[in-house]
Amino acid sequence: MKRRGLILSVLALGVAGFGGAAWYATRPDPIAASDPIDPEMADALIRPYSPILGPEDAPVTIVEFFDPACEACRAFYPVVEDIMAEHGDAVRVVIRYTPFHGEASVEAIRVLEAARMQDVFEPVLEAVLREQPRWASHGTPAPGLILEIAASGGLDVEAARTQMLAPGVVAVLNQDRADVEAVGVRQTPTFFVNAKPLDPFGEAELRRLVAAEVAASQS
């Protein structure tokens, strides 16, 4: 990912002060992290259109069910960046949209999809997360504000206004909602590493699970 220093410095306080629980919903019936989910359910983890951060052919895949309006997702972003930096080409991240915060989430996802079409997904994602406290009111976002923020990441706003309403974007939202339901995601972020659910949840647990999968891929 780009501009690691900037985003780490901006979000580090969010990680330190977040406390780990404020925005998590409880998922019933935890699954041991060492057990991959059912193969049929695993098919719903990744779609061909899903945004990928890192090498597409990396042997270890982190799937993150992600809501751009979620404070915990914002807090974990530099953690995920650091994990990718630590393991280099061995790790990639697949983003699955999880619009649990209503209209604000949906609008942000539409903006991110427009950014993906324009090949500026990562810088726009960073801008959206950096300015999340301004636009993610968990209600009705200020008209045009998130587009203004996304423009600072390189988004062509005029083109985006049309792209955000494209049938393909609607299809992505609908499919991701269906997959969230099929997989049983109840909180954001929710992580799977090579189809293994992260449970119990936590930064240390995510780092350990990724490290174990990287080691297994190299043995």
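Helices and strands are taken here as DSSP runs, numbered from the N terminus. The model is predicted. On this basis the secondary structure of the protein amounts to ten helices and five strands. Half of the chain is enclosed, in that 50% of the 219 residues count as buried. The accessible surface comes to about 9,600 Å², and carbon and sulfur atoms contribute 54% of that area. Among contacts with a separation of 6 or more, 82% are between residues 24 or more positions apart.

The five strands form an open sheet with mixed pairing and the order 1-3-2-4-5. Strand 1 (52–53) and strand 5 are the edge strands, each pairing on one side only. Strand 4 and strand 5 run antiparallel and are joined by two bridges. V193 has K196, in strand 5, as its bridge partner. Two helices that pack on this sheet can be described by their contacts and directions. Helix 3 (residues 71–87) touches strand 1, strand 2 (60–66), strand 3 (91–97) and strand 4, and its direction makes about 155° with that of strand 3. Helix 9 also packs on the sheet, where it touches strand 2, strand 3 and strand 4; the angle between its direction and that of strand 3 is about 105°.

The largest nonpolar core holds 55 residues, of which V124, W135 and L155 touch the most other members. Leaving aside residues up to four places away in sequence, L155 is in contact with V111, A114, A115, Q118, V120, V124, L147, A150 and A160. A second core, separate from the largest, consists of ten residues, including A44, L45, V185 and F192.

Three of the residues touched by L155, namely V111, A114 and A115, are also buried residues of helix 4. The other buried residues of this helix are A104, S105, V106, E107, A108, I109, R110, L112 and E113. Because twelve of its 15 residues are buried, helix 4 is largely enclosed by the rest of the structure. The length of helix 4 agrees with expectation, since its 15 residues should span 21 Å at 1.5 Å a residue and its end C-alpha atoms are 21 Å apart.

Just after helix 4, D119 adopts a positive phi of about 65°, although this residue is not a glycine. D119 belongs to the loop between helix 4 (103–117) and helix 5 (121–130). The relative accessible area of D119 is 70%, so the residue is classed as exposed, the cut-off being over 50%. N194 is another residue other than glycine with a positive phi, near 50°. N194 is located in the loop between strand 4 and strand 5. With a relative accessibility of 27%, N194 counts as partly exposed.

Two cis peptide bonds, both preceding proline, are described here. The bond from T188 to P189 is cis, with omega near -5°. P189 is in the loop that lies between helix 9 (167–183) and strand 4 (190–193). The bond from D199 to P200 is likewise cis, and its omega is near 15°. P200 is placed in the loop between strand 5 (196–197) and helix 10 (203–218).

Conventions:
Residues are numbered from 1 along each chain as its sequence is written. This is a predicted model: local features need pLDDT of at least 70, side-chain atom pairs count only at pLDDT 80 or more; totals for chains, interfaces and linings use all residues. Side-chain values use heavy atoms; hydrogens and water are left out. Helices (H or I, at least four residues) and strands (E, at least two) are DSSP runs, numbered from the N terminus. Buried means under 20% relative accessible area, exposed over 50%, partly exposed in between (1.4 Å probe, protein chains only). Two strands pair if DSSP finds at least two bridges between them. Contact means heavy atoms within 4.5 Å. Axes are lines fitted to C-alpha atoms, for helices over the stretch in contact, and angles run from 0 to 180 degrees between N-to-C directions. A nonpolar core is a set of buried Ala, Val, Leu, Ile, Met, Phe, Trp, Tyr and Cys residues joined through side-chain atoms within 4.5 Å. Accessible areas come from the Shrake-Rupley method with a 1.4 Å probe; for residues, only the protein chains shown count as cover. The expected span of a helix is 1.5 Å times one less than its number of residues.
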